[in-house]
Amino acid sequence: MNRILALATPPVIMAGVASVSGLLAVFVVTRSGASEQVRYAKRIVGTMLAALTLILGSFAYALWTWSSLL
């Protein structure tokens, strides 16, 4: 049980959320839309999810490298 809790550190949680948002970005962008408005909305949502992935992923990496320096 303690090993599982040891993995629940902020960098691991952030990396997990970044991974899920990346998968959602790919899922949203690859689906076709019925109209121009739907395609436009999907592009916006996909871009925001991709940005979330990059930001959270970079913060998770930074936290992980800073914690290994201690």
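1. A friendly place to start is helix 2, where Pro 11, Ala 18, Ser 21, Gly 22, Ala 25 and Val 28 are buried. Here buried means under 20% relative accessible area, exposed over 50%, and partly exposed in between, with a 1.4 Å probe and protein chains only. These residues cover an arc of only 130° around the axis, so they sit on the same side of helix 2; the arc is that of the directions from the helix axis to the C-beta atoms. The face of helix 2 turned away from that buried side carries the exposed residues Leu 23, Val 26 and Thr 30.

2. A word on what you are looking at: this is a predicted model, in which local features need pLDDT of at least 70 and side-chain atom pairs count only at pLDDT 80 or more, while totals for chains, interfaces and linings use all residues. Residues are numbered from 1 along each chain as its sequence is written, and side-chain values use heavy atoms, with hydrogens and water left out.

3. The protein has three helices and zero strands, and from the N terminus on its elements run α-α-α. Helices (H or I, at least four residues) and strands (E, at least two) are DSSP runs, numbered from the N terminus.

4. Does the length of helix 2 add up? What span should its 21 residues, 10–30, have at 1.5 Å a residue? The expected value is 30 Å, and the end C-alpha atoms are 30 Å apart, which agrees. The expected span is 1.5 Å times one less than the number of residues.

5. Overall shape deserves a look. The radius of gyration is 16 Å, whereas a compact globule of 70 residues would have one near 11 Å; the radius is taken over C-alpha atoms, and the globule rule is 2.2 Å times the number of residues to the power 0.38. Along the principal axes, the C-alpha atoms fill a box of roughly 50 × 25 × 10 Å.

6. Buried residues make up 17% of the 70 residues. The protein exposes about 5500 Å², with carbon and sulfur atoms supplying 75% of it; accessible areas come from the Shrake-Rupley method with a 1.4 Å probe, and for residues only the protein chains shown count as cover.

7. Among contacts with a separation of 6 or more, 65% are between residues 24 or more positions apart, contact meaning heavy atoms within 4.5 Å. Ala 62, in helix 3, counts as buried at 18% relative accessibility. Its C-alpha atom is 8.3 Å from that of Pro 11, although the two are 51 residues apart along the chain. Ser 19 lies in helix 2 and is partly exposed, at 44% relative accessibility; the C-alpha atoms of Ser 19 and Phe 59, 40 residues apart along the chain, are separated by 13 Å.

8. For contrast, try Leu 7, in the loop between helix 1 (2–6) and helix 2. Leu 7 counts as exposed at 57% relative accessibility. Leu 7 and Ala 34 are 27 residues apart in sequence and 42 Å apart in space, C-alpha to C-alpha.

9. Finally, the aromatics: rings of Phe, Tyr and Trp (its six-membered ring) pair if their centres lie within 6.5 Å, with planes under 30 degrees apart counted as stacked, over 60 as edge-to-face and the rest as tilted. By this rule there is one aromatic pair. The ring centres of Tyr 61 and Trp 64 are 6.1 Å apart and their planes are at 40°, so the pair is tilted. Being three residues apart in helix 3 (residues 36–69), Tyr 61 and Trp 64 are separated by about one helical turn. Both Tyr 61 and Trp 64 are exposed.
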